[in-house]
Amino acid sequence: MVKFVKIIPIALKVGTVTRKYPFERPLITESFRGAIEVDPVKCTGCGACTRICPPKALSLIREGETLILRYFVGKCIFCGMCADICPEKAIAITKEFELASENLSELNVDVEHELKKCVKCGATFVSTKLLNKVRSQVEALPDDIAELCPNCRRLEILKRFTGGR
(Lines give C-alpha, C1' and ligand atoms only; values in the text may rest on other atoms or scores of the structure.)
Protein backbone atom coordinates (compact mmCIF):
# COMPACT_ATOMS: atom_id res chain seq x y z
CA MET A 1 0.00 0.00 0.00
CA VAL A 2 2.88 2.36 0.81
CA LYS A 3 4.50 1.73 -2.60
CA PHE A 4 1.30 2.77 -4.34
CA VAL A 5 1.24 6.07 -2.46
CA LYS A 6 4.85 6.75 -3.51
CA ILE A 7 3.90 6.36 -7.20
CA ILE A 8 1.07 8.91 -7.14
CA PRO A 9 3.29 12.05 -7.15
CA ILE A 10 5.41 10.58 -9.96
CA ALA A 11 2.32 9.78 -12.03
CA LEU A 12 0.92 13.27 -11.48
CA LYS A 13 4.23 14.80 -12.59
CA VAL A 14 4.59 12.65 -15.76
CA GLY A 15 0.93 12.70 -16.76
CA THR A 16 -0.75 10.33 -19.23
CA VAL A 17 1.70 8.21 -21.23
CA THR A 18 -0.77 5.81 -22.85
CA ARG A 19 -1.45 6.54 -26.51
CA LYS A 20 -4.92 6.18 -27.97
CA TYR A 21 -3.99 3.71 -30.68
CA PRO A 22 -5.06 3.61 -33.54
CA PHE A 23 -6.15 7.26 -33.31
CA GLU A 24 -2.67 8.42 -32.29
CA ARG A 25 0.58 7.30 -33.88
CA PRO A 26 2.29 4.66 -31.70
CA LEU A 27 5.77 5.22 -30.28
CA ILE A 28 8.25 3.49 -32.60
CA THR A 29 11.88 3.57 -31.55
CA GLU A 30 14.88 3.58 -33.92
CA SER A 31 15.70 -0.03 -33.08
CA PHE A 32 12.16 -1.29 -33.81
CA ARG A 33 12.00 -4.06 -36.42
CA GLY A 34 8.91 -4.68 -38.51
CA ALA A 35 8.16 -6.61 -41.67
CA ILE A 36 10.85 -7.05 -44.30
CA GLU A 37 10.96 -5.87 -47.91
CA VAL A 38 12.75 -7.88 -50.58
CA ASP A 39 14.19 -5.90 -53.49
CA PRO A 40 13.46 -8.06 -56.57
CA VAL A 41 16.21 -6.34 -58.56
CA LYS A 42 18.96 -7.18 -56.04
CA CYS A 43 17.69 -10.66 -55.01
CA THR A 44 19.42 -13.51 -56.87
CA GLY A 45 17.35 -16.33 -55.36
CA CYS A 46 20.32 -17.92 -53.54
CA GLY A 47 18.10 -19.01 -50.65
CA ALA A 48 20.42 -17.99 -47.80
CA CYS A 49 17.54 -16.15 -46.13
CA THR A 50 15.31 -19.23 -46.24
CA ARG A 51 17.93 -21.35 -44.48
CA ILE A 52 18.44 -18.95 -41.57
CA CYS A 53 14.79 -17.90 -41.01
CA PRO A 54 13.79 -19.46 -37.62
CA PRO A 55 9.99 -19.62 -38.21
CA LYS A 56 10.39 -20.44 -41.93
CA ALA A 57 8.55 -17.30 -43.02
CA LEU A 58 10.74 -17.27 -46.14
CA SER A 59 10.71 -20.21 -48.54
CA LEU A 60 11.91 -21.08 -52.03
CA ILE A 61 9.28 -22.73 -54.20
CA ARG A 62 9.76 -24.20 -57.67
CA GLU A 63 6.81 -23.78 -59.99
CA GLY A 64 7.65 -25.00 -63.48
CA GLU A 65 10.51 -22.92 -64.78
CA THR A 66 10.13 -20.29 -62.08
CA LEU A 67 11.77 -20.08 -58.67
CA ILE A 68 9.68 -18.12 -56.18
CA LEU A 69 11.01 -16.57 -52.98
CA ARG A 70 7.87 -16.40 -50.84
CA TYR A 71 7.68 -14.24 -47.74
CA PHE A 72 4.73 -15.10 -45.48
CA VAL A 73 4.49 -12.23 -43.04
CA GLY A 74 2.07 -14.24 -40.86
CA LYS A 75 4.97 -16.41 -39.67
CA CYS A 76 7.61 -13.67 -39.44
CA ILE A 77 8.95 -12.87 -35.96
CA PHE A 78 10.78 -9.74 -37.24
CA CYS A 79 14.16 -11.01 -36.05
CA GLY A 80 16.00 -9.54 -39.06
CA MET A 81 18.36 -12.51 -39.47
CA CYS A 82 17.42 -12.74 -43.16
CA ALA A 83 18.54 -9.16 -43.76
CA ASP A 84 21.82 -9.82 -41.93
CA ILE A 85 22.65 -12.95 -43.97
CA CYS A 86 21.56 -11.73 -47.43
CA PRO A 87 24.76 -11.48 -49.53
CA GLU A 88 23.11 -9.05 -51.96
CA LYS A 89 21.65 -6.78 -49.25
CA ALA A 90 18.30 -7.28 -51.01
CA ILE A 91 16.32 -7.52 -47.77
CA ALA A 92 15.49 -4.39 -45.79
CA ILE A 93 13.79 -4.23 -42.41
CA THR A 94 10.91 -1.78 -42.28
CA LYS A 95 9.06 -0.38 -39.31
CA GLU A 96 5.75 -1.73 -40.67
CA PHE A 97 3.86 -3.76 -38.07
CA GLU A 98 0.18 -3.17 -38.87
CA LEU A 99 -0.20 -6.28 -40.97
CA ALA A 100 -3.66 -7.63 -40.14
CA SER A 101 -5.67 -8.95 -43.06
CA GLU A 102 -8.90 -10.84 -43.61
CA ASN A 103 -7.41 -12.61 -46.62
CA LEU A 104 -4.51 -14.98 -45.89
CA SER A 105 -3.09 -14.67 -49.41
CA GLU A 106 -2.52 -10.94 -48.85
CA LEU A 107 0.14 -11.88 -46.31
CA ASN A 108 2.32 -13.51 -49.00
CA VAL A 109 4.88 -11.51 -50.97
CA ASP A 110 6.53 -13.30 -53.89
CA VAL A 111 9.73 -12.54 -55.77
CA GLU A 112 9.97 -14.59 -58.95
CA HIS A 113 13.18 -15.75 -60.62
CA GLU A 114 13.70 -17.46 -63.95
CA LEU A 115 15.30 -20.89 -63.56
CA LYS A 116 18.21 -21.99 -65.73
CA LYS A 117 17.87 -25.28 -67.62
CA CYS A 118 20.71 -27.77 -67.84
CA VAL A 119 21.99 -27.88 -71.43
CA LYS A 120 22.48 -31.63 -71.19
CA CYS A 121 19.43 -33.07 -69.40
CA GLY A 122 17.00 -30.11 -69.45
CA ALA A 123 16.41 -30.08 -65.67
CA THR A 124 16.08 -26.70 -63.99
CA PHE A 125 18.68 -26.18 -61.28
CA VAL A 126 19.47 -22.55 -60.33
CA SER A 127 18.13 -19.05 -60.90
CA THR A 128 19.56 -17.35 -63.96
CA LYS A 129 20.56 -14.33 -61.86
CA LEU A 130 22.56 -16.46 -59.42
CA LEU A 131 24.32 -18.31 -62.25
CA ASN A 132 25.24 -15.01 -63.90
CA LYS A 133 26.59 -13.70 -60.60
CA VAL A 134 28.74 -16.80 -60.10
CA ARG A 135 30.02 -16.50 -63.68
CA SER A 136 31.00 -12.88 -63.12
CA GLN A 137 32.93 -13.74 -59.95
CA VAL A 138 34.57 -17.02 -60.97
CA GLU A 139 36.71 -16.44 -64.04
CA ALA A 140 38.00 -20.02 -64.16
CA LEU A 141 34.51 -21.50 -64.59
CA PRO A 142 34.18 -22.83 -68.15
CA ASP A 143 30.86 -21.96 -69.83
CA ASP A 144 30.14 -25.57 -70.78
CA ILE A 145 30.45 -26.65 -67.13
CA ALA A 146 28.47 -23.69 -65.77
CA GLU A 147 25.47 -24.56 -67.94
CA LEU A 148 25.19 -28.07 -66.43
CA CYS A 149 23.06 -29.12 -63.45
CA PRO A 150 24.99 -30.55 -60.45
CA ASN A 151 24.42 -34.17 -61.52
CA CYS A 152 25.47 -33.64 -65.13
CA ARG A 153 28.41 -31.47 -63.95
CA ARG A 154 29.68 -34.30 -61.74
CA LEU A 155 29.41 -36.81 -64.57
CA GLU A 156 31.11 -34.45 -67.04
CA ILE A 157 34.02 -33.72 -64.69
CA LEU A 158 34.40 -37.43 -63.91
CA LYS A 159 34.37 -38.15 -67.64
CA ARG A 160 37.09 -35.56 -68.26
CA PHE A 161 39.32 -36.91 -65.47
CA THR A 162 38.94 -40.53 -66.50
CA GLY A 163 39.29 -39.80 -70.19
CA GLY A 164 35.75 -40.98 -71.01
CA ARG A 165 36.16 -44.55 -69.71
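**Figure 1. Surface and overall dimensions of the chain.** The chain exposes about 11700 Å², and carbon and sulfur atoms supply 58% of that area. The model shown is predicted. Of its 165 residues, 28% count as buried. The C-alpha atoms fill a box of roughly 90 × 30 × 25 Å along the principal axes. The radius of gyration is 25 Å, whereas a compact globule of 165 residues would have a value near 15 Å. The chain carries 26 positive and 20 negative charges, and the mean positions of these two sets are 8 Å apart.

**Figure 2. Order of helices and strands.** The chain contains 6 helices and 6 strands. Along the sequence they follow the pattern α-β-α-β-β-α-β-β-β-α-α-α. Among contacts between residues at least 6 apart in sequence, 61% join residues at least 24 apart.

**Figure 3. Helix α1 and the loop that leads to β1.** Helix α1 spans residues 2-14. This helix is hardly covered, and the count of buried residues among its 13 residues is 0. Gly 15 comes just after α1 and takes a positive phi of about 85 degrees. Further along, Pro 22 lies in the loop between α1 and β1. The peptide bond from Tyr 21 to Pro 22 is cis, with omega near 5 degrees.

**Figure 4. The largest nonpolar core.** In soluble globular proteins, nonpolar side chains tend to be buried together. The largest nonpolar core in this chain has 19 residues. The members that touch the most others are Ile 36, Val 38, Leu 58, Leu 69, Tyr 71 and Ile 91. Strand β1 (36-38), strand β3 (66-72) and helix α3 (81-85) each supply at least two residues of this core. A second, separate core has 10 residues, among them Val 126, Ile 145, Leu 148 and Cys 149.

**Figure 5. Surroundings of Ile 91.** Not counting residues up to four places away in sequence, Ile 91 touches Ile 36, Glu 37 and Val 38. With the same exclusion, Ile 91 also touches Cys 49, Cys 82, Ala 83 and Cys 86. Ile 91 is one of the residues that touch the most other members of the largest nonpolar core.

**Figure 6. Two positive phi values outside glycine.** Phe 78 is found in the loop between β3 and α3. Its phi is near 60 degrees, a positive value in a residue other than glycine. Lys 89 is found in the loop between α3 and β4 (91-93). Lys 89 is not a glycine either, and its phi is positive, about 55 degrees. Lys 89 counts as exposed because its relative accessible area is 53%, over the 50% cut-off.

**Figure 7. Thr 44 in the loop after β1.** Thr 44 lies in the loop between β1 and α2 (48-52). This threonine counts as buried because its relative accessibility is 8%, under the 20% cut-off. Leaving out residues up to four places away in sequence, Thr 44 touches Glu 88, His 113 and Ser 127, and also Lys 129, Leu 130 and Lys 133.

**Figure 8. Ile 61 in strand β2.** Ile 61 lies in strand β2, residues 58-63. Ile 61 is partly exposed, with a relative accessible area of 24%. Neighbours within four places in sequence aside, Ile 61 is in contact with Thr 66, Leu 67, Ile 68 and Arg 70. Lys 75 is 14 residues from Ile 61 along the chain, and their C-alpha atoms are separated by 16 Å.

**Figure 9. Lys 120 and Glu 156.** Lys 120 lies in the loop between β5 (108-117) and β6 (124-127), whereas Glu 156 is in helix α6, residues 150-162. Not counting residues up to four places away in sequence, Lys 120 touches Leu 148, Cys 152 and Glu 156. With neighbours within four places left aside, Glu 156 is in contact with Lys 120, Ile 145 and Leu 148. Ile 145 and Leu 148 are among the residues of the second core. Glu 156 counts as buried because its relative accessibility is 16%, under the 20% cut-off. The C-alpha atoms of Lys 120 and Glu 147 are separated by 8.3 Å, and these residues are 27 apart along the chain.

Definitions and conventions. Residues are numbered from 1 along each chain as its sequence is written. This is a predicted model: local features need pLDDT of at least 70, side-chain atom pairs count only at pLDDT 80 or more; totals for chains, interfaces and linings use all residues. Side-chain values use heavy atoms; hydrogens and water are left out. A nonpolar core is a set of buried Ala, Val, Leu, Ile, Met, Phe, Trp, Tyr and Cys residues joined through side-chain atoms within 4.5 Å. Buried means under 20% relative accessible area, exposed over 50%, partly exposed in between (1.4 Å probe, protein chains only). Helices (H or I, at least four residues) and strands (E, at least two) are DSSP runs, numbered from the N terminus. Contact means heavy atoms within 4.5 Å. The radius of gyration is taken over C-alpha atoms; the globule rule is 2.2 Å times the number of residues to the power 0.38. Accessible areas come from the Shrake-Rupley method with a 1.4 Å probe; for residues, only the protein chains shown count as cover. Lys and Arg count as positive and Asp and Glu as negative; His and the chain ends are not counted. The place of a charge is taken as NZ of Lys, CZ of Arg, CG of Asp or CD of Glu.
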